[in-house]
Amino acid sequence: MCGLAGFYRFGVPGPGAEAPADGEAILHRMNRALAHRGPDGQGIWHQDGVGLAHVRLAVVDLTGGAQPFESEDGRLVLILNGEIYNHDELREELRREGRRFRTRTDTEVLLQLYDAMGERCLSRLRGMFAFALWDRRERRLWLVRDRLGLKPLYYRLGGNALVFASELKGILEYPGVPRDVDERAIEEFFTFGYVPAPRTILHGISKLEAGESLSVTARGVERTRYWDLDFSPEARGGEAPVARLRQALEEAVTGQMGSDVPIGTLLSGGIDSTAVLGFMTNHLEEPVPSFTASFPGTRDEDAAYADLAARRYGSEWEDVPVPEPTSELLDAMAWHFDEPFADPSAVPTFVLCAHARKRVTVCLSGDGGDESFGGYRRYRDNESSQAVRRLMPVGNADALLAAVGRWAPEGKWVPKPLRLRSLFRDASEGPQASYANVMSICDAESRRRLFGGPFGERLAGYDARSVLDECFRRSARWDSTSQLQYADFKTYLADGILTKVDRASMAHGLEVRVPLLDHNLVEFMGHLPSSSKVAWGRGKQLLKRSLRGVVPEQILGRRKRGFTPPLGRWLEGSMGCLFELRVLEGSSFVSRFLDMAEVRRLWTEHRAGARGRSQLLWAILVLETWGRCFQ
């Protein structure tokens, strides 16, 4: 795992031209901004208006993997962030074709594979990666992000240069890059809790999306989608999906265990992370170190189930208590995350990774299982809504809601009961609107009140939920549960969960691998019918069947729980004092966008015991902290 950065300057003459004197200094500054991602070494390459910078976390071939990596003939130069898990297999194939290797690194394998196959090399890669490859013969810079977006890549096109980096802060080291906030990103942040790709919080800087590449030449920039999810049903005859899934799971986990440094696992006590630990244990002679975040003073089931899993597999388990966050921790997270990120589970993830890094350099996690295997409640609810849709016409909301409630004289709705009302509302609105409602941390009316005044007028009615339009357009040919899964993969997973895991781990020089997002496994699950994943109000049906005998029955049968910190309690303690100090007293960053009278009203209601305000108030505090760090 590493960090990378660089630039392509348009209008610079070809080979032999005088290089701008400031190029190397810029690359060194970029590396310093990303040094936490690669504490084991750094290097730069600069020629003909192209600059490449790299910081390295050494995991495989600790002495032979320095980057930028240049081919023997000098034609190709590569910087890579991530891991190509099948690099040993690919190296042997290339050796049989007569190619020689100087190292055992996946970096050299990728470079030689490109030399042999060109862009078609992407079809052979199995891993998580973002890379930049300079081809001197074609005078082309090629930027690529992995299929599912496990590794990040930011870029900016402007000022006669394309600038890129693993993190936004690396781009800010390039001269003349402005820090103007993209106001539509504020609306998106208060809708989803993060800024969805390709937009970022800063105007003019973009995120390369999962499964995309950029080709940069003197003629300009061309963006290509080289891979996408497919949920089209596939006939498989008499093949047994339970056995095939179990084999695919084991191959995905064992295929990601290659390392020359200590390796462990992040253990939540759920089905996914327990399965990862189980398969790891079967293939390692030594006990696997495992780490679980817990919250002192709460009824925390996760720690108890994680302890059960650790004892089952003989793991050297550590329960890591997560204290109430401090202002210093919040500031550090704002710097490492680059963009405002309102998921409060980022706090325990950040603390857990810091602790794990004291003992290991690589961890495997169970992230991604809910998306692939159908674990979220919204999938189960959608199956129920589908049944209602077949009976009632879409859009007939009044008739549906009248069946489960009544209008009080003052016009207020009296639910009867709330879950049933939600079911009929979702059935009436359809899958896209239902998904937007579930995923929004702040409803449209609350955002309207927050964005009062000039900022609201500048938004001109922009609705952040429109970013979902493309997801549901691409997935329109599939059933509605598959549509929700597709939207999750493209937004919540890539820009939410995977962003959280990447920033929290790399802040401490820890590599986290995610075997349940092996693209072969994801493709296999995508082609199975939704009924094999979600049925009779229960999720992960096929996964549970495939893990009998691997995961303890108590864990297979446990109720699905989110990774939820005690946010309300935090805001009643020192975080509440910090909110008042930073947001409510004096001149705040958020006052540029938010109606402060509405913010004070929300805070007053929260202090008076109103429920449901914690997530929104946390988002406001996160945005304020980010603004103080980057503006």
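This section describes the strand pairing, the nonpolar cores, the cysteines and one exposed helical residue of a predicted model.

The strands considered here form an open sheet of five, in the order β15-β14-β13-β16-β19, and their pairing is parallel. Strands β15 and β19 (511–513) occupy the edges; each has a single partner strand, so one side of each is left without a neighbour in the sheet. From one strand to the next, the twist averages 30°. Helix α7 (residues 271–282) packs on this sheet, where it touches β13 (263–266) and β16 (362–364). The direction of helix α7 makes about 160° with that of β13.

At the β15 edge, the pairing can be followed residue by residue. Strand β14 (residues 289–294) and strand β15 (residues 316–321) run parallel and are joined by six bridges. Pro289 has Glu316 of β15 as its bridge partner, and Thr292 is partnered in β15 by Asp319. Together with helix α8 (residues 301–313), β14 and β15 make a β-α-β unit, which is right-handed.

Attention turns next to the buried nonpolar residues. In soluble globular proteins, nonpolar side chains tend to be buried together. In the model, the largest nonpolar core comprises 155 residues, and Phe190, Leu450, Leu547 and Ile620 are those with the most contacts inside it. Another core, of 21 residues, lies apart from the largest one and has Leu76, Leu80, Leu110 and Phe129 among its members. The surroundings of Leu450 illustrate the contacts made by one residue of the largest core. When neighbours within four places in sequence are left aside, Leu450 is in contact with residues including Phe190, Cys442, Phe593, Leu594 and Ile620. Asp595 and Glu598 are also among the contacts of Leu450.

The cysteines were examined for disulfides, a disulfide being a covalent bond between the sulfur atoms of two cysteines. With a cut-off of 2.5 Å between sulfur atoms, the count comes to zero disulfides. For Cys121, the closest cysteine sulfur is that of Cys2, at 18 Å, which is too far for a bond. Cys121 is buried, with a relative accessible area of 0%, whereas Cys577 is exposed, with a relative accessible area of 51%.

A further exposed residue is found in helix α17 (residues 454–459), which contains Glu457. The relative accessible area of Glu457 is 65%. Between Glu457 and Asn81 there is a separation of 376 residues in sequence and of 41 Å in space, C-alpha to C-alpha.

Notes:
Residues are numbered from 1 along each chain as its sequence is written. This is a predicted model: local features need pLDDT of at least 70, side-chain atom pairs count only at pLDDT 80 or more; totals for chains, interfaces and linings use all residues. Side-chain values use heavy atoms; hydrogens and water are left out. Buried means under 20% relative accessible area, exposed over 50%, partly exposed in between (1.4 Å probe, protein chains only). A nonpolar core is a set of buried Ala, Val, Leu, Ile, Met, Phe, Trp, Tyr and Cys residues joined through side-chain atoms within 4.5 Å. Contact means heavy atoms within 4.5 Å. Two strands pair if DSSP finds at least two bridges between them. Helices (H or I, at least four residues) and strands (E, at least two) are DSSP runs, numbered from the N terminus. A crossover is right-handed if, with the strands pointing away from the viewer, the path from the first strand over the helix to the second runs clockwise. Axes are lines fitted to C-alpha atoms, for helices over the stretch in contact, and angles run from 0 to 180 degrees between N-to-C directions.
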